[in-house]
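Colleague: I would like a close look at the annotated site and the ligand shell, and at the strands that surround them in the sequence. Please take one part at a time and keep to what can be read from the coordinates and the record.

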Amino acid sequence: MAQTLKNWIDGAWVESVSTQSEPVYNPATEEILAYVPLSTLEDVDLAVQTAKEAFKTWSRTPVPRRARVLFKYQQLLVEHWEELAALVTEENGKSYNEAYGEVQRGIECVEFAAGAPNLMMGKQLPDIASNLESGMYRYPVGVVGGITPFNFPMMVPCWMFPLAIACGNTFILKPSERTPLLANRLAELFKEAGLPDGVFNIVHGARDVVNGVLTHKDIRAISFVGSQPVAEYVYKTASAHGKRVQALAGAKNHSIVMPDADLDGSVKEIINAAFGSAGERCMACSVVVAVGEIGDTLVNKLVEAANQLTIGNGMNDGVFLGPVIRGPHKERTLSYIETGENEGALLIRDGRKDEAASGKGYFVGPTIFDQVTSEMKIWEDEIFAPVLSIVRVATLEEAVELANRSELGNGACLFTKSGSSARQFRETIESGMLGINLGVPAPMAFFPFSGWKNSFYGDLHANGTDGVEFYTRKKMVTARW
Ligand code: NAD
């Protein structure tokens, strides 16, 4: 019998006061893994009061001592790597290999955060004027709230809480209600690493918890990752309530393939970027822009490669393409495939016809449309599924102009052997995460994740030194002795 999850507050499992819950499914089998409580404002307030109390001590704990907990946490995550990867596959559906890589990305965030003594350093100028010195000191901001999406249950929370906590803040995480299980293990392991109770808390649920966190007077900052409309809402609501906000949003990433590109290498990268994690990545390639005469060859190679992919339960050996997250998301994807056909795009690989798509689990096979134009909904909207659109253009300028027409600017890739094309692409594309001869310009713990346009709301991005700026505030001390 599947259990109802509890919230993690003050280092212990606490039952939500809510009587409502939602099932958490294994999307490959449709089995119910657990029920997630739809927690209430009362639950949020309990977590906030706990985190506020814990802040008093944690924020004043010497930074190297805080960092030592992060070092121990890193060790424990490495020891539990396989268990965590299996949990990601179970609740999200992505292949075990993908999940294993995701856990690595999360661990790297902890490694970066363990550098807190260095990252928290201030600056001094001993002689800003005659006999006058000036210094900048860094401090945590207080209680921070994090709201995360379903597609990276390990990596995305790890963009937030390890660094926030290393910087001396206390944290309340609201994981996706569709993939809430992994977060619970992250909390238990953090406690085992020596994190004091109350520093890291989890409140499970959906909209009510989000609204509670966005408006709570004792929360100072909000990190959000999710779809564009919710990111915009989160940004506006939380900033109207006086909080600093970073809200990372949706994507429609273009991969431009030049006539001089290594076609086989490009196809391998694009297939992984379009269909890996069932297209449910914010760095997924959802549009290929074929430049010049390579169009037909590229399209044929993409279809051939897509035909070779193994679809199934991500825990099985050799499986590349797992299910999408839920039944309604599969329905939405199928309806976009119909829309594409009605809009006049050429359906050259139909993922509805793959055997897995008609059995148990929320599977959709790799789907490819050719002759897509920027007037079509399938070009404009983030489908977030294994559906790839191909647009054909004559020049790199046209390709960049097309990609720039999108309101989203999370990432973009270029495949070429020409340094000058690469430079032109870098200088003219309006996206924040660029890949050259690779399909997924993955966010790394050490650099800011720099989505542009409506793919990001706020000023300071997640990760790297932007993350440190976001989770700290400064004091300037000017002194005359
Ligand atoms: P989502 O926006 O549906 O949910 C994200 C979070 O917001 C969840 O915790 C959810 O409970 C909450 N939420 C959902 N609707 C809400 C509402 N109306 N009011 C208040 N809270 C609400 O996103 P998702 O489907 O879980 O994740 C996929 C999306 O996330 C895609 O659009 C993807 O591109 C985006 N994403 C972006 C990045 C990035 O770095 N830019 C990374 C990963 C995912």
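Modeller: The answer below starts at the annotated active site and then moves to the binding positions, a buried loop residue and the sheets.

The model is a predicted one. The UniProt record, an unreviewed entry, lists residues 13-477 as "domain: Aldehyde dehydrogenase". In the model that span is 41% helix and 22% strand, and its end C-alpha atoms lie 43 Å apart.

For "active site", the same kind of record, an unreviewed UniProt entry, lists Cys282. Cys282 is found in the loop between helix 10 (263-275) and strand 13. Is Cys282 buried or exposed? It counts as buried, because 26 C-beta neighbours lie inside 10 Å, and the threshold for that class is 20 or more. Leaving out residues up to four places away in sequence, Cys282 touches Ala251 and Asn410. Cys282 also appears in the ligand shell: of the 28 residues around the ligand, those that come nearest are Pro149, Gly226, Ser227, Gly250 and Cys282. By residue class, the shell divides into 15 nonpolar, nine polar and four charged.

The "binding site" feature, again from an unreviewed UniProt entry, is placed at Phe150, Lys174, Glu177, Arg178 and Glu382. These positions are spread over 233 residues of sequence and are also spread in space, with up to 23.5 Å between C-alpha atoms.

Two of these positions can be described in detail. Lys174 is found in strand 8 (residues 170-174). Lys174 is classed as buried because 27 other C-beta atoms lie within 10 Å. Apart from residues up to four places away in sequence, it touches Gly146, Ile147, Val203, Gly205, Val209, Val210 and Val213. Two of those contacts, Gly146 and Ile147, belong to strand 7 (residues 143-147). Strand 7 and strand 8 pair in the parallel sense over five bridges, and Lys174 is the bridge partner of Ile147. Strand 7 itself is mostly covered, with five of its five residues buried. In a regular strand the side chains alternate between the two faces of the sheet. In strand 7 both faces are covered: Val143, Gly145 and Ile147 are buried on one side, and Val144 and Gly146 on the other.

Arg178 has its place in the loop between strand 8 and helix 7 (181-192). With 21 other C-beta atoms within 10 Å, Arg178 is buried. Its contacts, not counting residues up to four places away in sequence, are Val24, Phe150, Ile325 and Arg326. Phe150 is itself one of the listed binding positions.

Glu177, another of the listed binding positions, leads to His204, with which it is in contact. His204 lies in the loop between strand 9 (200-202) and helix 8 (207-215). His204 is buried, because 30 other C-beta atoms lie within 10 Å. Leaving aside neighbours within four places in sequence, the contacts of His204 are Leu5, Asn7, Ser16, Val36, Pro37, Ser39, Pro175, Glu177 and Pro180. His204 and Leu181 are 23 residues apart in sequence, and their C-alpha atoms are 10.0 Å apart in space.

Next come the sheets. Strands of a sheet pair through backbone hydrogen bonds, either parallel or antiparallel. One open sheet has seven strands in the order 14-15-16-13-12-18-19, with mixed pairing. Strand 14 (346-349) and strand 19 (433-436) stand at its edges, each with a single partner strand, so one side of each is left without a neighbour in the sheet. From one strand to the next the twist averages 20 degrees. Within this sheet, strand 12 (residues 253-257) and strand 13 (residues 285-291) pair in the parallel sense over five bridges. Val257 stands opposite Ala290 in strand 13. Helix 12 (residues 327-343) lies across strand 14, strand 15 (367-370) and strand 16 (387-393), and runs at about 25 degrees to strand 16.

An open sheet of three strands has the order 5-6-22, with antiparallel pairing. Its edge strands are strand 5 (123-129) and strand 22 (472-480), each of which pairs on one side only. The twist here averages 25 degrees from one strand to the next. Strand 6 (residues 132-140) and strand 22 pair in the antiparallel sense over nine bridges, and Tyr137 stands opposite Lys475 in strand 22.

Notes. Residues numbered from 1 in each chain as written. Predicted model: local features only at pLDDT ≥ 70, side-chain atom pairs only at ≥ 80, totals over all residues. Helix = DSSP H or I, 4+ residues; strand = E, 2+ residues; numbered from the N terminus. Buried ≥ 20, exposed ≤ 12 C-beta atoms within 10 Å, placed from the backbone. Contact = placed C-beta atoms within 7 Å. Near = placed C-beta within 6 Å. Nonpolar A, V, L, I, M, F, W, Y, C, P; charged D, E, K, R; others polar. Pairing = 2+ DSSP bridges. Axes fitted to C-alpha atoms, helices over the stretch in contact; angles between N-to-C directions. UniProt positions renumbered as here; feature names shortened; annotations may be inferred.
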